[in-house]
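Biologist: Could you take me through one part of this model at close range? I would like to see how that part sits within the chain, and how far I can trust what is drawn.

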Amino acid sequence: MMGLLLEALQAMGHNVRWMSWNLFLALVPLALSFWLFRKPRSRWLMWGTSFLLGATLLPCLSLVLLHLRYIVHDLGKTYVLGAIAITLTLMAVDIWVLRQRGVRSLRWWGGFLAFIAFLPNAPYVLTDIIHLIDQIKQGHSVWVVTLALIPQYLAFMIAGLQAYVLSVMSFGYYLSQQGWGKFVLVAELTIHALSAIGIYLGRFIRFNSWDIITNPDGLVNTVMNDLMGKRPVLLIVATFLVIASLYWVMKQITLGISQRFYPNQSQSEFSGASGNSSEPIDVRF
């Protein structure tokens, strides 16, 4: 019994670092959605996301610093200093110039770009099932696989997928608040398609979200040349269907849980539909 327990702990411990890193990247767009689209009503969701961000960052802090060092090296110090100066300028413009209601600042658009760039990292965790298959092939006990590894992977993938669902739902809520509720479904499908492309680029071509900044030429060339083949298209379409299906299921579960805690609001309000009322809908988890 003790031998099985030690084997299970060792097998699960082997996954902690890379799972923490991937889950951290999956939580980044969710945290950004709180700032860009809406602050959640649920303090548990707000503080829980903050806690998970910190908890997943700590085990891979050295990896984060390593990536930052490579990014700085690739971009050059002049670029980084210029980016900092531009960021400070945009913050000043946002504060002093673009204060009228309804105008989205350049800083907001920069955050939205980061949101879209990092969003595929959330459903990307579904592809990490290949690591479970590799671990099963290593000859672990059936008890270790069943009672330790499979629950660990399920919790990991559900957390990443739920972060994706909440992020996209927040964006749909924001569209409804802006009077664009009829475009929510189109926006969701578009995001699913972009995420499917991002997952392919990350899993098979091994691009990262920050390659938009550090390696834009390589990224554009790959998108223009390598994604036109039959195999990439089939993989992207299959990924899109999986993401869209799981998103719909998880969204219904999320709406049901939300309605359980906020019973006074209708299902259409929770789904982000604008309805016939001209009043804004205050739907928060």
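Modeller: Happy to! Reading from the N terminus, the elements of the chain run α-α-α-α-α-α-α-α-α-α-α-α-α, which comes to 13 helices and zero strands. Please keep in mind that this is a predicted model. Let me set the scene with the whole chain, then move to helix 1.

The chain has 285 residues, and 39% of them are buried. Its accessible surface comes to about 16,700 Å², with 69% of that belonging to carbon and sulfur atoms. Among contacts with a separation of 6 or more, 76% are between residues 24 or more positions apart.

Now for the close look. Helix 1 covers residues 2-36, and its axis comes within 10 Å of the axis of helix 8, which covers residues 142-177. The two axes cross at roughly 0°. With angles under 35 degrees counting as roughly parallel, helix 1 and helix 8 are therefore roughly parallel to each other. The residues of this contact divide into 21 nonpolar, seven polar and one charged.

Phenylalanine 24 is a good residue to click on, as it is placed in helix 1. Its relative accessibility is 16%; buried means under 20%, so phenylalanine 24 counts as buried. Leaving aside residues up to four places away in sequence, phenylalanine 24 touches Leu53, Thr56 and Leu57. For one of these, leucine 53, the C-alpha atom is 5.8 Å from that of phenylalanine 24, although 29 residues of sequence lie between the two positions as a separation.

For a contrast, try isoleucine 136, which has its place in helix 7 (residues 129-137). Isoleucine 136 has 40% relative accessibility and therefore counts as partly exposed. From isoleucine 136 to leucine 149 is 13 residues in sequence and 8.9 Å in space, C-alpha to C-alpha.

As for trust, the mean pLDDT of the chain is 78, and 69% of its residues reach 70 or more. Two stretches ask for care. Over residues 266-270 the pLDDT is below 50, and that stretch has 15 contacts in the model beyond near neighbours in sequence. Residues 273-284 also have pLDDT below 50, with 24 contacts beyond near neighbours in sequence. Where pLDDT is low, the predicted coordinates should not be read in detail.

How values were computed:
Residues numbered from 1 in each chain as written. Predicted model: local features only at pLDDT ≥ 70, side-chain atom pairs only at ≥ 80, totals over all residues. Heavy atoms only, no water. Axes fitted to C-alpha atoms, helices over the stretch in contact; angles between N-to-C directions. Helix = DSSP H or I, 4+ residues; strand = E, 2+ residues; numbered from the N terminus. Parallel < 35°, antiparallel > 145°, perpendicular 65-115°, else oblique. Nonpolar A, V, L, I, M, F, W, Y, C, P; charged D, E, K, R; others polar. pLDDT = per-residue confidence, 0-100. Contact = heavy atoms within 4.5 Å. Buried < 20%, exposed > 50% of the residue type's maximum accessible area, 1.4 Å probe, protein only. Areas by Shrake-Rupley, 256 points an atom, 1.4 Å probe, with all protein chains shown as cover.
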